[in-house]
Amino acid sequence: MNRSDYNLAQWLQWMEDNHPTEIDLGLARVGQVYQRMQLDLSATKVISIAGTNGKGSTTTFLETIYLAADYTTLAYTSPHMLLYNERVRLNGVDVNDELLIAAFRAIDQAMGVDEQRISLSYFEIGTLAAIYLVSQQKPDIALLEVGLGGRLDAVNIIDADVAVITTLAVDHIDWLGDDIEQIGREKAGIGRVGKPLVCGEIQPPKSIAQLASEQAFALVQINQDYSYQTAQDQNSWSFTGVDLLGNKVTYQQLPMPNLPLQNAATALQVIEQLAMPCSYEARVKGLSAAKSLGRQQQVRYLDKNILLDVAHNPQSAQLLAHSLLKRGLQGEVQFVLGVLIDKDAQGLMLALESVAAHWHFVTLDVYRGQSALQLQEKSLASNIDQHNVSCYQDMRSALEGALLKASASQVADEEQNEHLVVVAGSFVTVAQVLALQGVEQKVLQVI
């Protein structure tokens, strides 16, 4: 079959088969294809977002606020949960098959033929597809989430008007190493001369400021140039930051968001740096509307409530644990945990153990997945009481086991009981739950 006749599923299979390695950092190949495509992005302001955690929620805050201010947007994120279309949103709506297919056709042609053919990875093709759609749809604002690292990530072929670093931790050590200073320098590589680089990491490595100074990025740092404070009653918060001219700006009585407050503050500071005006009313509306699939998300399964969170490293797990502790769930949670082999499973368990009553380890039968028994071995090394460990070969069994344990809980508060079963550990783990219960129809709320 000629590729011009492919449907989306066939194009996605072509993407997977196209390149010998899943991850191939570097801008030379993707940059060549991008140059061949001769795309015009002049109608759009571009924000690039890098970081270990918080990229998705920061992107979502920016998207919902700009949409509330009547701007048009394109958001490019990864990975997806159920459908590839989730990776590109136009004005908050997942892109349709036809637009993706048109993008893949254009990229395929630009990759060339015979000895002029340039091979691209799955992520590189996906990134070019998002950029192609920016050129075609001409949104006011494009939000491009960096996949891995920064300097050598495919997103970095684009010169961002504002670059963002959310939070940093040691992750993806096979590609980025375990040196936080080097990781910081790689993330900061998405900055551009004379353009704002907004950093939301509270304890940033020195390498970020060093690179910003060397390359003349306009670094804007949390707790130095902008900050946030929760009201005494915990029902609202305030933001103080700086605009492009260095003038102080303050917003009071902001609604508490459903996603991490630190990332909400970073999003507000980014808005000040892009100089696309947003009213106070738009900020309030956007902050209230921001939700992300699989992040602190409550769903129904077997007529019971389950909390989903894609926490997959110690830093994000600590945020999840803090949220659960605020609900008084110390030592009460039934955790369904599935973790990819290259993640710090022991660090995850350590971060979550203060709220865990029982661990329900589940096998992830996917590329880079690991078995429940492997997780159990790591729990032994973490000195977790093996009476509080169960292993399952599939998600359905794990959920049923966790719900059975939760039903016997002595937690009296009804609201607390709604959060006794928590699924975490990876995007794959959460996606398996969503696939089981038909997420779009049964999502109750994002907490």
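Here is a short tour of this predicted model, one selection at a time.

**Colour by confidence**

Start with pLDDT colouring on the whole protein. The mean is 90, and 92% of the residues reach 70 or more. Now pick out residues 439-447, where the pLDDT is below 50. In the model this stretch has 27 contacts beyond near neighbours in sequence, but go easy on them: where pLDDT is low, the predicted coordinates should not be read in detail.

**Helix 1 and helix 5**

Next, select residues 8-17 (helix 1) together with residues 122-137 (helix 5). The two pack with their axes 7 Å apart, at an angle of about 130°, which means helix 1 is oblique to helix 5. Show side chains to see who does the touching: helix 1 brings Leu12, Trp14, Met15 and Glu16, while helix 5 answers with Tyr122, Ile125 and Gly126. By type, the residues of this contact come out as 5 nonpolar, 1 polar and 1 charged.

**The sheet of strands 9, 10 and 11**

Move on to an open sheet of 3 strands, ordered 9-10-11 and paired antiparallel. Strand 9 (227-230) and strand 11 (248-255) sit at the edges, each pairing on one side only. Look along the sheet and you'll find neighbouring strands turned by 15° against each other on average, ignoring direction.

Zoom in on strand 10, residues 236-242: 6 bridges tie it to strand 11, and the two run antiparallel. For a landmark, click Val242, whose bridge partner in strand 11 is Lys248.

Now bring in the helices. Helix 9, residues 261-274, packs on this sheet and touches strand 9, strand 10 and strand 11. The direction of helix 9 makes about 35° with that of strand 10. Then add residues 280-289: this is helix 10, lying across strand 10 and strand 11 and running at about 45° to strand 11.

**The crossover from strand 15 to strand 16**

For the last stop, select residues 356-362 (strand 15) and 389-392 (strand 16). Here the pairing is parallel, over 4 bridges. One pair to label is Phe361 with Cys391, its bridge partner in strand 16.

How does the chain cross from strand 15 to strand 16? Turn on residues 372-381 and follow the ribbon: the path goes through helix 13, making a β-α-β crossover that is right-handed.

Key. Residues are numbered from 1 along each chain as its sequence is written. This is a predicted model: local features need pLDDT of at least 70, side-chain atom pairs count only at pLDDT 80 or more; totals for chains, interfaces and linings use all residues. Side-chain values use heavy atoms; hydrogens and water are left out. Axes are lines fitted to C-alpha atoms, for helices over the stretch in contact, and angles run from 0 to 180 degrees between N-to-C directions. Angles under 35 degrees count as roughly parallel, over 145 as roughly antiparallel, 65 to 115 as roughly perpendicular and the rest as oblique. Contact means heavy atoms within 4.5 Å. Ala, Val, Leu, Ile, Met, Phe, Trp, Tyr, Cys and Pro count as nonpolar, Asp, Glu, Lys and Arg as charged, and the others, Gly among them, as polar. Two strands pair if DSSP finds at least two bridges between them. pLDDT is the predictor's confidence in each residue, from 0 to 100. A crossover is right-handed if, with the strands pointing away from the viewer, the path from the first strand over the helix to the second runs clockwise.
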